[in-house]
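Visitor: Could you walk me through this one? I'd like to start with the packing and then look for empty space.

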Amino acid sequence: SPSHVKQDVEWLYAFDFYCNAFVPLFVLLYVVQFFLLPLVLGTSLLSMGFSNTLYAAAFGYVSISSSGNISGLCLQFCRVSFGLGWNASRIVAYIYFEI
């Protein structure tokens with residue numbers, strides 16, 4: 001039809017973008033966190049700090065690959081989570097396994 005605009009999608013670029021955003025998140029939050037579970041599931045301030053930094057780094061990397069500017073959001077996440085005493089790994093483990 002005359003009103004239809006032909007669009008070409010670079011599928012390899014889209015797949016590369018997806019891999020660049022998902023693979024680091026998967027590696028940090030599933031592989032690295034699995035090996036560090038005894039450390040990040042603790043109740044100490046060090047455990048909370050390491051866990052929240054791991055999550056901020058993972059989500060920050062995904063956001064950087066998609067939007068380009070995320071340092072302020074990661075910093076706010078760390079401030080709020082420390083202020084409220086949240087341990088992201090303990091919350092996610094509770095959701096996953098209903099501990």
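Guide: What follows covers a nonpolar core, a pocket and a database annotation. This is a predicted model, in which local features need pLDDT of at least 70 and side-chain atom pairs count only at pLDDT 80 or more, while totals for chains, interfaces and linings use all residues. Residues are numbered from 1 along each chain as its sequence is written, and side-chain values use heavy atoms, with hydrogens and water left out.

Visitor: Okay, which residues make up the largest nonpolar core?

Guide: Leu-25, Leu-29, Tyr-55, Ala-58 and Ala-88 form it, where a core is a set of buried (under 20% relative accessible area, 1.4 Å probe, protein chains only) Ala, Val, Leu, Ile, Met, Phe, Trp, Tyr and Cys residues joined through side-chain atoms within 4.5 Å. Helix H1 (11–35) and helix H3 (45–66) each supply at least two residues of this core, helices being DSSP runs of H or I with at least four residues, numbered from the N terminus.

Visitor: And what does Leu-29 touch, leaving aside neighbours within four places in sequence?

Guide: Leu-29 is in contact with Leu-54, Tyr-55, Ala-58 and Phe-59, contact meaning heavy atoms within 4.5 Å.

Visitor: Switching topic, what does UniProt list for residues 21–41?

Guide: An unreviewed UniProt entry lists residues 21–41 as "transmembrane region", and such annotations may be inferred rather than shown by experiment. In the model, that stretch is 90% helix and 0% strand, with its end C-alpha atoms 26 Å apart.

How values were computed: Buried < 20%, exposed > 50% of the residue type's maximum accessible area, 1.4 Å probe, protein only.
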